[in-house]
Amino acid sequence: MRQRTTVTGLGERFQLLNEIIADVVKRHRRDAHNVKLLAVSKRRTSAEIRQCALLGQVAFGENYLQEALPKINDCQDLRLEWHFIGRIQRNKTTDVAKNFDWVHTVDRISVAKRLNDQRPEELAPLEVCVQVNLDGALNKAGVPPGQLTQLLAEVSGLKRLRLRGLMTMPEPSEGVELQRLPFQQLATLLAAAAVDYPAMDVLSMGMSGDMDAAVAEGSTLLRIGTALFGPRP
Ligand SMILES: *Cc1c(COP(=O)(O)O)cnc(C)c1O
């Protein structure tokens with residue numbers, strides 16, 4: 001009985017979330033094809049991921065490598081698209097390069113080089129977004145905007161990586177107007193970068209609490225956990 005309730009709940013939330021996104025997209029006059037959902041499945045089980053996949057979701061995001069690897073293995077038959085969205089430890093790049101399709105959190109050249117060297121020959125190049133730190137907070141992941149141009153130049157030369165866009169995760173703030181500010185900054189940075197790198201067309205920004213602001217500013221990839229799976233255990 002309990003299992004059944006959980007399953008029904010996910011189906012309903014998945015449908016509701018897609019309706020909410022469709023509504024936000026329409027309200028901000030965006031093209032629905034350009035706003036995709038990345039289901040953030042950290043702290044969620046393989047069974048929940050499988051259920052979500054059966055509802056039609058293909059792209060899943062994970063933060064913690066140790067947690068993600070068994071789930072990726074469990075779900076191999078589903079041919080899902082796996083996005084690494086957590087902080088990358090320099091000594092853990094091999095498993096990221098081998099098991100993921102996307103990495104959103106490239107923020108230094110040493111890590112980019114390792115991912116490039118370790119990406120297996122038989123796989124397509126790894127799709128990467130560079131993470132930008134717009135808060136200027138210490139101890140926070142992401143390259144400062146002032147160093148972005150240099151990092152993009154270096155990453156773009158790595159043949160086993162495909163530079164696709166920018167990602168940011170701002171400090172939480174209240175109200176759509178405030179939430180829009182960092183997203184607007186990231187959109188401006190992407191527009192500038194796309195002049196030199198036309199393949200960069202991804203803005204990975206917006207989570208459960210700020211998706212409206214993110215879509216308003218041009219997000220193409222919403223990273224949503226709680227609004228889909230419920231509060232994390
Ligand atoms: C957890 C996480 C999310 C999803 O957050 P929710 O508020 O649950 O939607 C998105 N992006 C990153 C990088 C995360 O760590």
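In this predicted model, Gly-146 sits in the loop that links strand S5 (126-131) to helix H6 (148-156). With a relative accessible area of 76%, Gly-146 counts as exposed, because that value is over the 50% cut-off. Along the sequence, Gly-146 is 14 residues from Val-132, and the C-alpha atoms of the two are 9.9 Å apart in space.

Thr-93 offers a contrasting case. This residue belongs to helix H4 (residues 93-99) and has a relative accessible area of 0%, so it is buried. Setting aside residues up to four places away in sequence, Thr-93 touches Ile-88, Val-111, Arg-114, Leu-115 and Gln-118.

Two of these partners, Val-111 and Leu-115, lead on to helix H5 (residues 109-118), where they are buried along with Ala-112 and Asn-116. Viewed down the axis of H5, the buried residues fall within an arc of 135°, and they therefore line one face of the helix. A helpful reminder here is that an α-helix has 3.6 residues a turn, so residues three or four places apart point the same way. The buried residues of H5 pack against H4, strand S4 (102-106), S5, H6 and strand S6 (161-167).

Leu-115 also appears in the largest nonpolar core, which holds 58 residues. Together with Phe-60, Val-103, Val-130 and Leu-166, Leu-115 touches the most other members of that core. Helix H1 (residues 2-27) supplies the largest share of the core, at six residues. Apart from this core lies another, made up of nine residues, including Leu-38, Ala-59, Ile-85 and Met-167. In soluble globular proteins, nonpolar side chains tend to be buried together. As for Val-130, its contacts beyond four places in sequence are His-104, Val-106, Val-143, Leu-148, Leu-151, Leu-152, Leu-163, Gly-165, Leu-166 and Met-167.

Finally, the ligand. It is surrounded by 13 residues, of which Lys-42, Asn-63, Ser-208, Thr-226 and Arg-232 come nearest. Three of the side chains can be described in polar detail. For Asn-63, a side-chain N or O atom is 2.6 Å from an oxygen atom of the ligand. A polar side-chain atom of Ser-208 is 2.5 Å from a ligand oxygen atom, and the side chain of Thr-226 places an N or O atom 2.5 Å from an oxygen atom of the ligand. On its own the ligand would expose 390 Å², and the protein buries 92% of that area.

How values were computed:
Residues are numbered from 1 along each chain as its sequence is written. This is a predicted model: local features need pLDDT of at least 70, side-chain atom pairs count only at pLDDT 80 or more; totals for chains, interfaces and linings use all residues. Side-chain values use heavy atoms; hydrogens and water are left out. Helices (H or I, at least four residues) and strands (E, at least two) are DSSP runs, numbered from the N terminus. Buried means under 20% relative accessible area, exposed over 50%, partly exposed in between (1.4 Å probe, protein chains only). Contact means heavy atoms within 4.5 Å. The arc is that of the directions from the helix axis to the C-beta atoms. A residue is near a molecule or strand if one of its heavy atoms lies within 4 Å of it. A polar contact is a pair of N or O atoms within 3.5 Å; within protein, one must be able to donate a hydrogen and the other to accept it, and residues adjacent in sequence count only if both atoms are side-chain atoms. Accessible areas come from the Shrake-Rupley method with a 1.4 Å probe; for residues, only the protein chains shown count as cover. A nonpolar core is a set of buried Ala, Val, Leu, Ile, Met, Phe, Trp, Tyr and Cys residues joined through side-chain atoms within 4.5 Å.
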